[in-house]
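Open the model in your viewer and keep the selection tool at hand. We will go stop by stop.

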Amino acid sequence: MADRGVDLSGLPKEVRDQLAELDLELSEGDITQKGYEKKKAKLLAPYIPQIQNVDPHIQLTPPGPSADPTPSPDAGPSASSRHHRSHRSGGARDDRYRSDIHTEAVQAALAKHKEEKMALPMPTKRRSAFVQSPVDNCTPPDTSSASEDEGSLRRQAAVSAALVQSLQSPDYWINRSLQGSSTSSSASSTLSHGEPKSQNQSQNTGPPAPSALADVLAHTRLAENSSVPPDVTSTTQQDRGSRVDIPPVRGMSRGQSRASMMDTADGVPVNSRVSTKIQQLLNTLKRPKRPPLSEFFLDDAEEIVEVPRPDPSTPRPEGRQIIPVKGEPLGVVSNWPPALQAALARWGATQAKSPALTTLDNTGKPIYTLTYGKLWSRSLKLAYTLLNKLGTKSDPVLKPGDRVALVYPNNDPGMFWVAFYGCLLAEVIPVPIEVPLTRKDAGSQQIGFLLGSCGVGLALTSEVCLKGLPKTPNGEILQFKGWPRLKWVVTDTKYLTKPSKDWQPHIPTANTDTAYIEYKASKEGTVMGVAVSKISMLTHCQALTQACNYCEGETLVNVLDFKKDMGLWHGVLTSVMNRIHTISVPYAVMKACPLSWVQRVHIHKARVALVKCRDLHWAMMAHREQRDTNLASLRMLIVADGANPWSVSSCDAFLNVFQSHGLKPEVICPCASSPEALTVAIRRPGVRGAPLPARAILSMTGLSHGVIRVNTEDKNSALTVQDVGHVMPGALMCIVKPDGPPMLCKTDEIGEIVLNSRAGGTMYYGLPGVTKNTFEVIPVNSSGAPIGEIPFTRTGLLGFVGPGSLVFVVGKIEGLLTVSSRRHNADDLVATALAVEPVKTVYRGRIAVFSVTVFYDERIVIVAEQRPDASEEDSFQWMSRVLQAIDSIHQVGLYCLALVPANTLPKTPLGGIHVSETKQHFLEGSLHPCNILLCPHTCVTNMPKPRQKQPVGVGPASIMVGNLVAGKRIAQAAGRELGLIEDQDLVRKHQFLSEALQWRAQTDPDHVLYVLLNTKGVPVSTASCLQLHKRAEKVATALMERGGINTGDNVVLLYPPGIDLISSFYGCLYAGCVPVTVRPPHPQNLAATLPTVRMIIDVSKAACILTTQLLMKILRSKEAAASVNIKTWPTIIDTDDLPRKRPPQLYKPPTPEMLAYLDFSVSTTGMLTGVKISHAAVSALCRSIKLQCELYSSRQVAICLDPYCGLGFVLWCLSR
């Protein structure tokens, strides 16, 4: 290079300025490498002979100031420039991706360069022009001099320089050399700018290690053969003052001998004269330094959304921190079995003829009774078959600990009992699931996820169920979506093998091994398996026995699903432990005869009944005066979903009806449970005559803020909650905050119930990550310290502990909807919707409530199935009232309320609505509602901040690109200009709508403007330009003769959608009146719709009403008189019989600013809004729609909107 051996600091100021400008041109790509070398050599040529004869050893002696490690004052601007350029080329995402800020940064950098070139010249040689020596990568930055010129002028004794640097921070730069100097462009830029240098200097202040130099030299040899790519992303030169392998010889030194060739980032040799931009592009393609794509579109909610200020009146918890609540000690009974299988073996041997299970058919009559002897023998056969008859002795299909799916219908509990206990005796783990009916069952894919996570490869089923499964044309079982491949085994008795006399099942004492897996669906629809250990299963049965005071030989009526939850725990497990006779009532029987379970209680003198609120409601609704029904034998009526806050109404209503039939109030025992913690709490059966527990009447507003407040103001916003009894025996319960760390709540605060008990689930099988967050919770106090070391299990129930340690539940986590930091329960919203009359519009049990995220917050959606006989008018009336009720009671707006046809929502196996699948259909747009009401204006309250215009110095293109890259909103948007029409005569003719119609009637009289279709799609009437004009003239004549109106009076148009409405509108314009279109009242619902008509007429101060003869009769009928005063109607003109005369003249407005019509609309909340529209606005609007939609006379437009206000009116009457 021409600058080798040249001291740039000794050059004249003008030359240094020219060199700096030349280097800037090269860095910006304005000059090629060859031109750069030529111009630079020409500038330095006069000064090279002055130092050619200087002895090299003299050049190695550094000047006095350079020995000082402190940078010279002249280095200040250069250091700041290096720091500024490092900030620009760094890899971390900052504001540099925003166009306006980036533009300002570029301008500031250019201004900085102009200032700096007056103080110190830029480096005279780019770092990328030469290959880095391997020693550069293992040599720390030089701190002995602050100058930036070529290293040949500063070559000292290499070993001394390396030693000085190694004593400062050997660990840091050796590690950096091991990693490679080109891991990223930003890393090399940081190293060349020397920013990490000062950090390591401050960190490494200890005495130097004696072996530092040896380490340096050893590493230098190791790194000498490594190929290191050049740094082409930095415009500043890396310091090479301490190189130890290049001799101090000018001319063709080793560095110069390699100057003609260099390595790219891929190690491919290229010519050193290649363009710097191309070289930089190669390195960028090799290792892009841009952040991930998602970071380009990070929306900062705080910058976009208006953050609402906290309301000082918001209620906050004020009580003391809650103390963990202990349940009663779990007693020890001498005759309790060591395992549940042992209890079955005991009753099978000693009480073989004692009835264990009675099954009903679909008519409610008993089919068969399974005794304990048969249950034991069949379970023994199944266990033997599973272990010995599947596969071979050397390669069995099943081994102890394997998971097996149990697929049995809800009307066959006997086969399920045999399969479940057969699996327990064989020590395989049963996984009960629902019977798949079709490939597209709701949640079927999630069941497949459960089977896959549990490693299930074999399914047990009955012969009848196997025949009913969907099959392929070849007769094979269909491969269900998402399911693993299963082997199906029929467990009917005729297919089982009797065990040999010397074979006995292994029944160990209950331990921590998994006994069975119960499936559980999360809020998002994911199905997981809760593993219950053998000791947990046995302890849970013991706790239920103690809490419910079960005795041998009792009779229990079970209406619940026997495969999971309370139906499994009471009706299958605890009943066998206590030799209870269980009568199972299938779901199909309940649908056909809701009173069947009441009749079973009466016939069998049952002591315990296990039901849900729906069973109480159905039995109450189907009740007829039956004198033979007696419920006096019941000592416990367990309400399995008593945790639902609205269960209290069903319990009270059932008690009122059946108390006269012997039902005692103290036998109603609501309980709370969850799949993870099993039974959480249950109300113990009370003593006859003892007072019932008090109920809590809570404020809905307080509950939405997570605090307990007694309602004292509005009855409508109160929630009456009944207790679910005390904590289970042997359990410890806490209330923790549902969000964030599990901090203990205060006594007047709503939180999630967590439970510590041996009688609970142990984990989500096959999902250790999710297990830790649910089954290993350690509550902490207000200071963040754990309250103990024992783990608790989250129950998913929201509640609090009331007086007397009674547990109250107000909702579930899966039904929690958090809108604007307020909590709302889905069950509460369903109850409010069902309380709106008439409920004949929708089905009671077919409503889904969920939330979707819209604009950084949750929005509430309600979907219900509409009854087939409900009309559209009734449906919208009901939906409007639901909106108002929820807004009044819960103080929250609905985002969407949709009604779908009957039997179209996805169902659960027991007939309920599958909420997560319904939400998925809503998000995918496959819900297909028949009526929908979207109200984003009532619920989206966190609107964006007002738009702010960008500074004038930044162009519009930069603003748009910068906002798109940064994920920001566009500053403003504007439509196309309407432009000027060249034909001024055409403008004059189109100035008013009335003139436009007259002009069209003359120029194109036969052109059809409107075609009205009926419900079957058949045209029933048409209107051409001339026909519409003539009918409008007749309407204008009727207004002048019969109405006696003046110019500018308001006239109400009361018509159904059709040609009459349009012709009456133009008739008003011909007569100089201001038309007001109003939706006519519904003949079957005058009480609700006629007051709206009256309100619009009164507000608009209409002087006349134009309508049909039928509607005129309705307005003056007796039914209308019950709602409004029919004597105060303005003049009503019947347009069915119009005069044949033409008006003497047609009205022409004097100015376009005169009123054309009034636009009245009624919101879903009942608010009336009126807008005045001038002729000028009408003309501009029509032209805008014509331009945007490209509407021409030959176009046909289908309009499916109401013609009374807004866009519907504009498209019907104006944009012809």
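Start at a hairpin. Select β32 and β33: they form it with five residues between them. In the turn, pick glycine 1017, whose phi is positive, about 85 degrees. Bear in mind that this is a predicted model.

Now widen the selection to both strands. β32 covers residues 1008-1013 and β33 covers residues 1019-1024. The two run antiparallel, joined by five bridges. For one pair, show valine 1008 with serine 1024, its bridge partner in β33.

**A three-stranded sheet**

Next, select β10, β11 and β23. They form an open sheet in the order β10-β11-β23, with antiparallel pairing. The edges are β10 (514-521) and β23 (763-764), each of which pairs on one side only. Strand β11 spans residues 527-533, and two bridges join β11 to β23. To see a partner pair here, pick alanine 531 in β11 and then methionine 763 in β23, its bridge partner.

**Into the cores**

Which residues have the most contacts inside the largest nonpolar core? Select Leu460, Leu573, Ile638 and Met733. This core has 95 residues. Colour helix α18, residues 413-426, as well: the helix gives the most to this core, with 11 residues.

Zoom in on leucine 460. Leaving aside residues up to four places away in sequence, leucine 460 touches Leu382 and Leu386. Its contacts also include the run Val404, Ala405, Leu406, Val407 and Tyr408. Cys423, Val489 and Thr491 complete the list.

Another core lies apart from that one. It has 42 residues, among them Leu1009, Leu1061, Phe1065 and Val1178. Show these four to mark the place.

**A short helix**

Go to helix α40, residues 1118-1121, and pick alanine 1121. Is alanine 1121 buried, partly exposed or exposed? Its relative accessible area is 39%, so alanine 1121 counts as partly exposed. Add leucine 1086 and draw a distance between the C-alpha atoms: it is 9.7 Å. In sequence, the two residues are 35 residues apart.

**Last stop: the surface**

Select Val1197, Ile1199, Leu1201 and Leu1207 and switch on the surface. These residues form a nonpolar patch there. Together they have about 340 Å² of accessible area.

Finish on valine 1197. Where is it placed? Look in the loop between α41 (1175-1189) and α42 (1206-1214). Valine 1197 has a relative accessible area of 53%, and is therefore exposed.

Technical notes: Residues are numbered from 1 along each chain as its sequence is written. This is a predicted model: local features need pLDDT of at least 70, side-chain atom pairs count only at pLDDT 80 or more; totals for chains, interfaces and linings use all residues. Side-chain values use heavy atoms; hydrogens and water are left out. Two strands pair if DSSP finds at least two bridges between them. Helices (H or I, at least four residues) and strands (E, at least two) are DSSP runs, numbered from the N terminus. A nonpolar core is a set of buried Ala, Val, Leu, Ile, Met, Phe, Trp, Tyr and Cys residues joined through side-chain atoms within 4.5 Å. Buried means under 20% relative accessible area, exposed over 50%, partly exposed in between (1.4 Å probe, protein chains only). Contact means heavy atoms within 4.5 Å. Patches are made of residues with over 30% relative accessible area and no salt bridge: like charges are joined within 9 Å, nonpolar side chains (Val, Leu, Ile, Met, Phe, Trp, Tyr) within 5 Å. Accessible areas come from the Shrake-Rupley method with a 1.4 Å probe; for residues, only the protein chains shown count as cover. A salt bridge is a side-chain nitrogen of Lys or Arg within 4 Å of a carboxyl oxygen of Asp or Glu.
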